[in-house]
There are 2 protein chains.
Amino acid sequence: MTIEREYTTKLAVDGVTIDRRDVEMLDAIDRHGSMHKAAEALGRSYARLQNRVVEIEDAVGPITERQRGGSGGGGTELTETARELRRQFDRHDAALGGVAGITESVFPGTVRDRTGELATVETEIGSILALVPDDATEVQISVRSDAVVLTDPEETPRADGTSLRNQFTGTVEGIESGDAITRVTIRFAPEGMIQALVTNASVDRLALESGQSITASFKATAARGVRLEPSADE
Amino acid sequence: MTIEREYTTKLAVDGVTIDRRDVEMLDAIDRHGSMHKAAEALGRSYARLQNRVVEIEDAVGPITERQRGGSGGGGTELTETARELRRQFDRHDAALGGVAGITESVFPGTVRDRTGELATVETEIGSILALVPDDATEVQISVRSDAVVLTDPEETPRADGTSLRNQFTGTVEGIESGDAITRVTIRFAPEGMIQALVTNASVDRLALESGQSITASFKATAARGVRLEPSADE
DNA sequence: GTTCGTAGTATCTATGTCGATACAACGCCG
DNA sequence: CGGCGTTGTATCGACATAGATACTACGAAC
């Protein structure tokens with residue numbers, strides 16, 4: 001059973017929800033200069049596409065300047081609003097894509113102390129400071145590998161000079177290098193492991209190799225807890 | 001125009017795509033012990049719900065043990081597979097929720113050097129090492145505030161002792177404290193700004209206050225570029 | 001004033017999803 | 001042996017979405 005994490009990106013603006021299809025529509029209008037050509041290029045019906053443009057404009061204001069008649073019969077141009085929507089969508093989509101594509105390290109544990117949404121969670125690798133949902137006590141802490149910072153244990157700054165609240169020292173167990181990015185697997189004392197994504201250059205500078213001692217740090221705000229034992233009976 | 005970033009969470013397992021509705025269905029079955037009661041509790045029709053269970057099982061194997069007849073008429077229990085699906089979904093959902101809810105700092109810039117997906121991007125605050133799409137040259141770099149590490153400039157480790165490839169020193173401009181988390185805004189020389197999410201405890205330990213000099217660092221793998229000038233004409 | 005390619009609008013139809021309904025099959029229990 | 005509350009299955013209709021089609025309106029260029 002192979003599980004792939006997926007998602008769909010949306011923007012809720014005023015009254016409407018803009019999805020990928022809408023953004024592709026705006027893109028096509030921008031490229032072709034008319035809604036008719038955009039519809040044809042996308043394989044959509046002109047009528048629906050035009051309706052959708054009006055629907056969005058009713059909610060968020062003008063996203064197009066549409067002209068009928070005139071040289072060439074008229075045409076449609078995007079407004080700056082439309083371009084801003086597209087940029088926002090692309091950024092959000094990239095952020096979500098980052099989450100879906102990146103490995104995470106998972107540590108089951110139990111919540112000890114709590115201050116608001118922040119809590120100390122007891123796990124197999126030690127205490128982790130993380131964001132956890134309000135009512136949870138048994139949780140899984142998950143840490144995105146692109147949030148894990150590696151440092152030489154010798155030079156790791158004193159804990160009070162940084163906002164990296166979680167620091168664990170272990171040994172390098174695996175190194176998988178790509179074109180520019182390397183995935184480093186670090187093993188802690190009993191059986192915990194964490195993965196870190198770092199640039200190849202960082203691998204060189206830290207002179208990482210298997211068996212070496214290394215410190216992995218991550219921020220409390222980058223560690224998220226998910227309630228393990230589910231939903232209370234209602 | 002207020003824009004809210006939204007998303008829908010999905011898991012693609014073998015042949016099917018499992019969404020929030022499916023997970024809520026599994027949850028209800030688990031709580032009530034039967035598909036009939038689950039359907040009633042969810043306000044769904046039993047027929048559709050049962051069809052969906054079979055549909056999922058055809059793709060991923062048994063997610064329930066269903067018994068008809070017997071004491072109480074029978075009932076339905078979840079398998080461990082179903083529980084694992086639910087945990088995966090919750091983790092993924094939490095990760096996506098983190099992205100959607102967190103502020104990002106955005107820096108427009110132009111790509112200089114590139115090695116695979118990693119590139120040096122020239123921005124208003126200086127050179128940023130970031131992940132950028134293959135064909136882009138004009139990009140927006142966006143940095144999640146929960147990935148920004150704050151350090152005392154005096155104690156900031158030498159750049160070659162860490163995998164934090166991007167370091168910028170500026171002055172604290174704003175501090176907004178919540179129950180447990182504080183959002184710190186840092187201003188760089190000309191006009192660039194970045195936001196960092198840190199624990200309140202970190203604010204204390206770094207003795208953060210407005211006007212103070214501070215170093216903000218983030219990993220190259222946590223900085224993502226989005227193509228600004230869109231899609232090539234086709 | 002005719003032409004042309006566009007915008008704008010209304011209506012019909014196909015499609016897919018889901019609830020509603022009805023009924024058979026099952027097996028323990030009294 | 002009948003009752004009961006399940007699972008299992010088939011069919012119908014409601015609803016929303018979108019394509020297909022047809023027609024009007026527009027305005028510069030020729």
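## Where the two protein chains meet

Across the interface of chain B and chain A, the rule finds 0 salt bridges, a salt bridge being a side-chain nitrogen of Lys or Arg within 4 Å of a carboxyl oxygen of Asp or Glu. This is a predicted model, in which local features need pLDDT of at least 70 and side-chain atom pairs count only at pLDDT 80 or more, while totals for chains, interfaces and linings use all residues. Residues are numbered from 1 along each chain as its sequence is written, chains are lettered from A and ligands numbered from 1 in the order in which they are written, and side-chain values use heavy atoms, with hydrogens and water left out.

Polar contacts do cross this interface: 18 residue pairs, both at pLDDT 80 or more, are found. Such a contact is a pair of N or O atoms within 3.5 Å; within protein, one must be able to donate a hydrogen and the other to accept it, and residues adjacent in sequence count only if both atoms are side-chain atoms. On the side of chain B that touches chain A, helix α4 (residues 80-101) of chain B gives the largest share, 14 residues. Helices (H or I, at least four residues) and strands (E, at least two) are DSSP runs, numbered from the N terminus. That side of chain B divides into 36 nonpolar, 21 polar and 26 charged residues, where Ala, Val, Leu, Ile, Met, Phe, Trp, Tyr, Cys and Pro count as nonpolar, Asp, Glu, Lys and Arg as charged, and the others, Gly among them, as polar.

## Area and paired strands

The area buried between chain B and chain A is about 6,800 Å², with carbon and sulfur atoms giving 59% of it. Buried area here is the accessible area (1.4 Å probe) that two parts lose on being put together, summed over both. B:M1, B:R91 and B:R205 supply 9% of the area that chain B buries against chain A, more than any other three residues.

Strand β1 (residues 3-13) of chain A and strand β1 (residues 3-13) of chain B run antiparallel and are joined by 11 bridges; strands pair if DSSP finds at least two bridges between them. In this pairing, A:V13 stands opposite B:I3.

## DNA strand D

DNA strand D is surrounded by 23 residues, and the closest are A:G69, B:H36, B:R66, B:G73 and B:T76; a residue is near a strand if one of its heavy atoms lies within 4 Å of it. Sugar and phosphate make up 62% of the strand D atoms that come within 4 Å of the protein.

Phosphate oxygens of strand D are approached by side-chain N or O atoms of B:R66, at 2.3 Å, and of B:H36, at 3.1 Å. A:G69 instead places a polar backbone atom 2.9 Å from a base oxygen of strand D. The surface near this strand divides into 4 nonpolar, 13 polar and 6 charged residues.

## DNA strand C

Around DNA strand C there are 24 residues, the closest being A:K37, A:R66, A:T76, B:R48 and B:G69. Backbone N or O atoms of A:G73 and A:G69 lie 3.1 Å and 3.4 Å, respectively, from a base nitrogen of strand C. B:G70 has a backbone N or O atom 3.2 Å from a sugar or linking oxygen of strand C.

## A salt bridge within chain A

Over all chains, the count comes to 28 salt bridges. One of them joins the side chains of A:R227 and A:D135 (2.7 Å, N to O). A:R227 lies in strand β14 (residues 223-227) of chain A and A:D135 in the loop between β7 (126-131) and β8 (138-144) of chain A, so the pair ties together parts that are 92 residues apart in sequence.
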